[in-house]
Every structure is written in structure tokens, then in C-alpha cells.
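User: Please go through the strand arrangement and the aromatic pairs of this model with me.

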Amino acid sequence: MFDSPLAAWLLLHHVPGLGPLRLQRLYQELGSAQAILQASPHLLNTFNVPMPILRQLEACVATDAAHPWRERVSQDLEWAEARGHHLVCIEDDCYPALLRWLPDPPPVLYVRGRVELLASPQIGLVGTRHPTPGGRDNARAFAANLGQAGLTITSGLALGIDACAHSAALQSAAGTVAVLGTGVDTIYPASHAPLAAEIAEQGALISEFPLGTAPRAGNFPRRNR
């Protein structure tokens, strides 16, 4: 089941206690997700991965027996079969090049919409959730003009300036990418569900968080990077 880089990364992504920073260090040391899965628990333990987790991982890879991590990988792969759904691992050619420069890049991205926008020239446009009317107008003007100049408008689907940026990009037929602090199947705030549906059609919703991830305070600083 874990012969492909994507399936191997998905499994590692679902192992608690690994996280992007530790996974990146393992990737730099061993060269691929499959090499990480094939490494001995004792080697992986030198990266401060708890041995009980490593024993579970070893068992999950070695047998076809039912396991919650294996089931989550199957669910992810099934989700990706739907129209407009994509899974991009760090070894894929379409993985955003600049993300690889981070010390803790997301090992997997869940994408709803136009996956090709990940490689487009982008500009981040973010701001307060409580803008003045002038602030809203400025955000819309920036997004519309920059979008018409060929830039993809990237923001976070939050209230206020983020929503203005996405909406103006959509209205000017520009590409727009929303980076979520939830799973791509969980829209927050819920009032932005119609906006998110438009973005998924004309642009892209992306997240590093597994499907079903609810909004948690710690997710949003992480997504901001």
C-alpha cells in the first residue's frame, strides 16, 4: 500500500508526534518517505521519535491488518478520486518550490480546485478581521488590479480583509488561493462556505491539515508560515 511516495507521505503525515519539522529532518537525512518507512526504529529513534510510536509504525507498514493510520491513508486516497480534489506530497513536481525552503514544510497538501495555481506567481494579501470601509475598498482595489496584472491572490479565507481579497479576485476573473487552518472539507468561518465554493471552482483551497480537522487556535499561526 505504501509503495508510492504519496501513500508513504500520507502515512507519515498521520503518525502523531512526527510533525513537519521532524519529518523534514528525516527527509533530508534519508531522501524519501519510503526510506523513512524502511528505516529501523532504532535509527528513527535518534531523531527523538518516541519508540512506542515507532513500534506502531513498524507494525502498520509490515502487515495488512486494519490500523487507524492505514484507514486514514485509504480515506485520503479515496477523497482524491473526486473531481477537483488533489493530494500533493513534497516529492511531487507540482509542490510549491518556495515551501521547500522552510525548515518545516508541510509534507502533504490537500487541494480543492486548480492545483496548477500552486506554481503560479502569487502575492499574499491579508489583514484585519475588522477593517474600516476604506480598508475594504483598498483591499478590493489591490486584489483586482494585481489579479488583472497576472498575479494569483493568496489569502486565508478569514473575515475582513481576507474575504475582500478573495472576492475581488473572483470578480476580476483572477486566480485566488485560500490557505486554510482547517481541513479543506471544513470551512471556517462557516459563513464563508459560499465564498469557499466559488474559490474551489475558480481558484484553489489548500491545507496541510488532514481532512476533518476543526478550527483550533494553534492551527492558524502554523498555516500562516
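User: In what order do the six strands of the open sheet run?
Analyst: This is a predicted model. The six strands form an open sheet with mixed pairing. From one strand to the next, the twist averages 25 degrees. The strand order is 1-2-6-5-4-3.

User: Which strands stand at the edges of the sheet?
Analyst: An edge strand has a single partner strand, so one side of it is left without a neighbour in the sheet. This applies to strand 1 (85–89) and strand 3 (122–124).

User: Which residue in strand 6 does A178 stand opposite?
Analyst: Strand 5 (residues 176–179) pairs with strand 6 (residues 204–207) in the parallel sense, over three bridges. Opposite A178, in strand 6, stands L205.

User: At about what angle to strand 6 does helix 9 run?
Analyst: Helix 9 (residues 193–202) lies across strand 2, strand 5 and strand 6. Its angle to strand 6 is about 105 degrees.

User: The structure holds three aromatic pairs. Is the pair of W9 and Y27 stacked or edge-to-face?
Analyst: The ring centres of W9 and Y27 are 5.2 Å apart. Planes over 60 degrees apart count as edge-to-face. The planes of W9 and Y27 stand at 90 degrees, so the pair is edge-to-face.

User: How many residues apart are W9 and Y27?
Analyst: W9 lies in helix 1 (residues 5–14) and Y27 in helix 2 (residues 19–30). The pair links distant parts of the chain, 18 residues apart.

User: Is W9 buried or exposed?
Analyst: Buried means under 20% relative accessible area. The relative accessibility of W9 is 1%, so W9 counts as buried.

Note on methods. Residues are numbered from 1 along each chain as its sequence is written. This is a predicted model: local features need pLDDT of at least 70, side-chain atom pairs count only at pLDDT 80 or more; totals for chains, interfaces and linings use all residues. Side-chain values use heavy atoms; hydrogens and water are left out. Rings of Phe, Tyr and Trp (its six-membered ring) pair if their centres lie within 6.5 Å; planes under 30 degrees apart count as stacked, over 60 as edge-to-face and the rest as tilted. Helices (H or I, at least four residues) and strands (E, at least two) are DSSP runs, numbered from the N terminus. Buried means under 20% relative accessible area, exposed over 50%, partly exposed in between (1.4 Å probe, protein chains only). Two strands pair if DSSP finds at least two bridges between them. Axes are lines fitted to C-alpha atoms, for helices over the stretch in contact, and angles run from 0 to 180 degrees between N-to-C directions. Contact means heavy atoms within 4.5 Å.
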